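Here are some short exercises to work through with a structure in front of you. Try each task yourself, then follow the solution step by step.

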Amino acid sequence: MTKTLAAAGLSILLTLPAAKSFANNDLPDLGTAAVNTFSLEKEMIYGDAYMRVIRSSAPLLNDPVLSQYLTELGNKLVANATGVKTPFYFFLLRNDEINAFAFFGGHVGVHTGLFLNADTESELASVLAHEITHVTQRHLARSLEAQQKAGPATIAGLLGAILLTIAAPQAGMAALATTQALATQSKINYTRQHEKEADRIGMQILVDAGFDPEAAADFFGKIASRYRFTTKPPQMLLTHPLPESRISEARTRATQYPHRYVPDSLNYHLARARVQVRFSSYSEEAALNLFEKQLSRHSYAIESAALYGKALALFRLKRFEESEAIIDKLLARDDNNLFYLDTKTDLLAERKDFQSAITLLEAKRKLKPTSQVINANLANVYIEADESPKAIPLLEDMVFLDRQNPLPYQLMTQAYRKDGNKALEHFATAETLALAADYKGAVDQLNFAYRYTKDDALQLARIEARIRQFKDAEKALDELK
């Protein structure tokens, strides 16, 4: 039976806000006038465009467990912020450097190196609260407005270099040096006043969200001390300088709040262990040794997190039975923990016990129907078990809840390939490429989808419409650069 795009749930992708804005040529002129009227709508357009380019060039981490953890932590902080005018989108980059950055449209990027260096969830939350404040106070737009007296070409150069600077300061500086103003990093970095404002308001967000107010000063002090005499400071210190005055102000500000005991967060330490084992420079043996030492010396923050880290390391070493024995023990303590469920699913899939994995995840999905961890795992298991059609509704739900996430599109491509539906396979691939600003590749994929679509006028019309949208988006992106 022929499936239409509507039946496959992909028609919703044809009305993405960002694509619609691009198609209507809503991008601002890159001149002084545009900066003077840098509206929230324009911030959203720029943010979407920059995010697509980042996906094409940066080592983004599409790990559902870590992504869901970071999003939930970020949303907890945003819920306690004032002046929130845009949605927020938190994402991870696989990079051992200590860094976090925020840019237009509520996008907040976090390097995995933060997990390696923050000892507590409050320390990580303090960095996120600071970046959230940069967004709510519109510091980036205000920095651009401060340049309004510069020539249009200079402003265009500054806008075009923002992406490079927030994601890779050294590369961004090289780009900035080519503008007519020969701009220095301070031209688009947040001013000292902005940093102070982000520290002050960020601290309030941190406290209101229930975290330790001393965490900001603790983390700042630790980083400043560690890199005081180094010739190559981490990226975070390039974009967020830490003079002693800033650290002392953070400590003074923290004393204005009542002392608060904040217990260690299990999920934070599980996330940290996951980063250490799977997404850092640790080798399999080194990761296993790290957690075995913690367990033997009782030097862990939380025992369950150390056991989880050991189980992940054993999995990497293909010692699956030992890994599963630990995970089963942890599940007996907390059978709804997504970190444990994710690894249990991996273990069941490794021995091709797909039915047990499906039974487990279907039961958990009834409790957490919107969890991207459960839905992604369940969809993946269905695909591996040659039950691809059952994966599609799960992936449609993921797309509906997060249209910026490339993972469900990637899994859709696999599902349609296994199901032999070449038209929708190419359509899903096109959406993945478009999320990474590869509009030429996306149009090529849609042309393939068109060729494989037969006797379905509605489906053909939708493909044609999407091709037009991608072509318009490509032109708009070229103008933005």
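## Exercises with worked solutions

Glu-195 sits in helix H11, which covers residues 192-208. Keep in mind throughout that the model is predicted.

**Exercise 1. Describe the protein as a whole: how many helices and strands does it have, and what share of its residues is buried?**

*Step 1.* Start with the secondary structure: there are 26 helices and 3 strands.

*Step 2.* Turn to burial. The protein has 481 residues, and 56% of them count as buried.

*Step 3.* Now look at contacts between residues at least 6 apart in sequence: 68% of them join residues at least 24 apart.

**Exercise 2. Find the residues that UniProt annotates as "binding site", and work out where they lie.**

*Step 1.* Look up the record. The unreviewed UniProt entry gives the annotation "binding site" to His-130, His-134 and Glu-195.

*Step 2.* Compare sequence with space. These residues are spread over 66 residues of sequence, yet they cluster in space, with a largest C-alpha distance of 8.4 Å.

*Step 3.* Check the cavities: among these residues, His-130 belongs to the lining of the second largest cavity.

*Step 4.* Place His-130 in its helix, which is H7, residues 121-136.

*Step 5.* Decide on burial using the cut-off of under 20% relative accessible area. His-130 has a relative accessible area of 4%, so it is buried. Glu-195 has 6%, so Glu-195 is buried too.

**Exercise 3. Which residues does UniProt annotate as "active site", and are they buried or exposed?**

*Step 1.* The unreviewed entry lists Glu-131 and Asp-199 under "active site".

*Step 2.* Along the sequence they are spread over 69 residues, but in space they cluster: the largest C-alpha distance is 9.2 Å.

*Step 3.* Of these residues, Asp-199 is included in the lining of the second largest cavity.

*Step 4.* Assign the helices. Glu-131 is in helix H7, and Asp-199 is in helix H11.

*Step 5.* Apply the cut-off for burial, under 20%. Glu-131 is buried because its relative accessible area is 1%. Asp-199 is buried because its value is 10%.

*Step 6.* List the partners of Asp-199. Setting aside residues up to four places away in sequence, Asp-199 touches His-130, Phe-220, Arg-246 and Arg-253. One of these, His-130, carries the "binding site" annotation in the UniProt record.

**Exercise 4. Describe how helices H24 and H25 are arranged relative to each other.**

*Step 1.* Recall what to look for: two packed helices are described by the angle between their axes and the distance between the axes.

*Step 2.* Find those values. The axes of H24 (residues 422-435) and H25 (residues 439-452) come within 8 Å and cross at roughly 170°.

*Step 3.* Compare the angle with the cut-off: angles over 145 degrees count as roughly antiparallel. H24 and H25 are therefore roughly antiparallel to each other.

*Step 4.* See which residues make the contact. From H24 they include Phe-427 and Leu-433, and from H25 they include Leu-446 and Phe-448.

*Step 5.* Sort the contact by class: it has 11 nonpolar, 4 polar and 1 charged residues.

**Exercise 5. Examine His-298 and Lys-318: where do they lie, and are they buried or exposed?**

*Step 1.* Check the backbone. His-298 has a positive phi of about 55° although it is not a glycine. Lys-318, also a residue other than glycine, has a positive phi near 65°.

*Step 2.* Locate them. His-298 lies in the loop between H16 (284-297) and H17 (303-316), while Lys-318 is in the loop between H17 and H18 (320-333).

*Step 3.* Use the cut-off for exposed, which is over 50%. His-298 is at 58% relative accessibility, so it counts as exposed. Lys-318 is at 63%, so Lys-318 counts as exposed as well.

**Exercise 6. Which residues does Thr-136 touch beyond its sequence neighbours?**

*Step 1.* Place Thr-136: it lies in helix H7.

*Step 2.* With a relative accessibility of 8%, Thr-136 counts as buried.

*Step 3.* Leaving out residues up to four places away in sequence, Thr-136 touches Thr-82, Gly-83, Val-84 and Phe-88.

*Step 4.* Finish with a distance: the C-alpha atoms of Thr-136 and Gly-106, 30 residues apart along the chain, are separated by 8.1 Å.

Methods: Residues numbered from 1 in each chain as written. Predicted model: local features only at pLDDT ≥ 70, side-chain atom pairs only at ≥ 80, totals over all residues. Heavy atoms only, no water. UniProt positions renumbered as here; feature names shortened; annotations may be inferred. 1 Å grid on protein atoms, 1.4 Å probe; cavity = no way out; pocket = protein on both sides within 12 Å on 5 of 7 lines; lining within 4 Å. Helix = DSSP H or I, 4+ residues; strand = E, 2+ residues; numbered from the N terminus. Buried < 20%, exposed > 50% of the residue type's maximum accessible area, 1.4 Å probe, protein only. Axes fitted to C-alpha atoms, helices over the stretch in contact; angles between N-to-C directions. Parallel < 35°, antiparallel > 145°, perpendicular 65-115°, else oblique. Contact = heavy atoms within 4.5 Å. Nonpolar A, V, L, I, M, F, W, Y, C, P; charged D, E, K, R; others polar.
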